[in-house]
Amino acid sequence: MEVIIKQGQEQASLLGARIVRNVIERWRPAVLGLATGATPLRLYAELVRMHREEGLSFRDVVTFNLDEYCGLSPDHPASYHAVMCKALFDHVDVAQDATHLPDGNATNVPEACAAYEQLIREAGGIRLQLLGIGHDGHIAFNEPGSSLASRTRIKTLMNDTLHANAGAFGGVEQVPRHAITMGLGTIMEAETCLLLAFGKSKAHAVRGMIEGPVSASCPSSILQHHPKTIVILDHEAASLLEHRQYYLDAYASKPEWQRFE
Ligand code: GLP
């Protein structure tokens, strides 16, 4: 894993946006895996700025989101579909039929999940998968105990996750108990993974992901087996890392062209 520690969220998000931009400019189509949650919002805002002010075009971009709640209509304000439209899709020139999210209202869930995986394959696979991390080390909605080889499927959300997402629903009781999520095996097939984590509340999960044993108890730790994962942290999220100083020195000593800046 390449661990990059930036001063704060702002610098980390801008660096993340530059990495996404490189992929968009290099590939036709550029197949992006996208994440929701608060973490990538600043990165999306920077992509919108690049589109408006610097002419970054999303015409050849195809997107697949990690997950979606079950039982919400796509226009429910807390659905990940609505969140993505508000944060990114409505503000750039991406084709509507090039943006994909799992169907949280599918009547035949296994069939819908298999179809989602098939769509990703037909698009040629994901070049860059954006990720955040939950307090318990989950990525997408792969809660602790998820098979490390899991594929897109329905998952029951844990209490901690329901509480963490309650704000968007006006109370924990309103948060859907189930979601459709890409599996860990699905995520591991992305060519590059780019995970962002900010704040003290993520420090424990970040340590488990980077320096803990590979275990279904900390699902993100599977990324230790991924050949090209970049993790961008702020100082607080990095605060429990045993080899923190090493990561800082290693990145600082890289030649400029390897630093994505
Ligand atoms: C949810 C999402 C994840 C996200 C996580 C952390 O569980 N399914 O994709 O990474 O929340 O969210 P936040 O970035 O708001 O901390």
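**Exercise 1. Burial and pairing of R21**

Task: Determine whether R21 is buried or exposed in this predicted model, and identify which residue R21 forms a salt bridge with.

Solution.
Step 1. The relative accessibility of R21 is 16%. Buried means under 20% relative accessible area, so R21 counts as buried.
Step 2. The salt-bridge partner of R21 is E54, and the closest N and O atoms of the two are 2.6 Å apart.
Step 3. Helix α1 (residues 9–26) contains R21 and helix α2 (residues 41–54) contains E54, so the pair ties together parts that are 33 residues apart in sequence.
Step 4. E54 has a relative accessible area of 42% and is partly exposed.
Step 5. R21 and E54 also belong to one network with E25, E46, R49 and E53, joined by salt bridges that share partners.

**Exercise 2. Further salt bridges**

Task: State how many salt bridges the structure holds, and describe where the partners of the R28 and D60 pair lie.

Solution.
Step 1. The total is 15 salt bridges.
Step 2. In one of these, the closest N and O atoms of R28 and D60 are 3.5 Å apart.
Step 3. R28 belongs to the loop between α1 and β2 (30–34), while D60 belongs to the loop between α2 and β3 (61–65); the pair therefore ties together parts that are 32 residues apart in sequence.
Step 4. R28 is exposed, at 58% relative accessibility, whereas D60 is partly exposed, at 38%.
Step 5. R28 also takes part in a cis peptide bond with P29, with omega about 0°. P29 is located in the loop between α1 and β2.

Task: Characterise the salt bridge between E191 and R127.

Solution.
Step 1. The N to O distance between the two side chains is 2.7 Å.
Step 2. E191 is found in the loop between α6 (184–188) and β9 (192–197), and R127 in the loop between α4 (109–122) and β6 (128–131); the pair links distant parts of the chain, 64 residues apart.
Step 3. Both partners are partly exposed: E191 has 40% relative accessibility and R127 has 23%.

**Exercise 3. Cysteines**

Task: Explain why C70 and C218 form no disulfide with the closest cysteine sulfur.

Solution.
Step 1. A disulfide requires cysteine sulfur atoms within 2.5 Å.
Step 2. For C70, the closest cysteine sulfur is that of C113, at 8.2 Å, which is too far for a bond.
Step 3. For C218, the closest cysteine sulfur belongs to C193, at 14 Å, again too far for a bond.
Step 4. C70 is buried at 17% relative accessibility, and C218 is buried at 13%.
Step 5. The structure as a whole holds zero disulfides.

**Exercise 4. The ligand site**

Task: Identify which residues surround the ligand, and give the polar distances for T39, D67 and K202.

Solution.
Step 1. The surrounding residues are G37, A38, T39, D67, Y80, G132, I133, H138, A140, F141, N165 and K202.
Step 2. Two oxygen distances can be listed: a polar side-chain atom of T39 is 2.5 Å from a ligand oxygen atom, and a polar side-chain atom of K202 is 2.6 Å from a ligand oxygen atom.
Step 3. On the nitrogen side, an N or O atom in the side chain of D67 lies 2.8 Å from a nitrogen atom of the ligand.
Step 4. The ligand taken alone exposes 390 Å², of which the protein buries 88%.
Step 5. A140, one of the surrounding residues, is located in the loop between β6 and β7 (153–156). Its phi is near 50°, a positive value in a residue other than glycine. A140 is buried, with a relative accessible area of 11%.

**Exercise 5. The sheet and a remote loop**

Task: Give the strand order of the open sheet, and name the edge strands.

Solution.
Step 1. The seven strands follow the order β1-β10-β9-β6-β2-β3-β5, with parallel pairing.
Step 2. The edges are β1 (2–6) and β5 (99–100), each of which pairs on one side only.
Step 3. Within the sheet, β2 and β3 pair in the parallel sense over five bridges. G33 stands opposite F64 in β3.

Task: Locate E173 and state the distance between E173 and M1.

Solution.
Step 1. E173 is placed in the loop between α5 (159–164) and β8 (178–181).
Step 2. At 61% relative accessibility, E173 is exposed.
Step 3. E173 and M1 are separated by 172 residues in sequence and by 37 Å in space, C-alpha to C-alpha.

Technical notes:
Residues numbered from 1 in each chain as written. Predicted model: local features only at pLDDT ≥ 70, side-chain atom pairs only at ≥ 80, totals over all residues. Heavy atoms only, no water. Buried < 20%, exposed > 50% of the residue type's maximum accessible area, 1.4 Å probe, protein only. Salt bridge = Lys/Arg side-chain N within 4 Å of Asp/Glu carboxyl O. Helix = DSSP H or I, 4+ residues; strand = E, 2+ residues; numbered from the N terminus. Near = heavy atom within 4 Å. Polar contact = N/O pair within 3.5 Å; in protein donor to acceptor, adjacent residues only side chain to side chain. Areas by Shrake-Rupley, 256 points an atom, 1.4 Å probe, with all protein chains shown as cover. Pairing = 2+ DSSP bridges.
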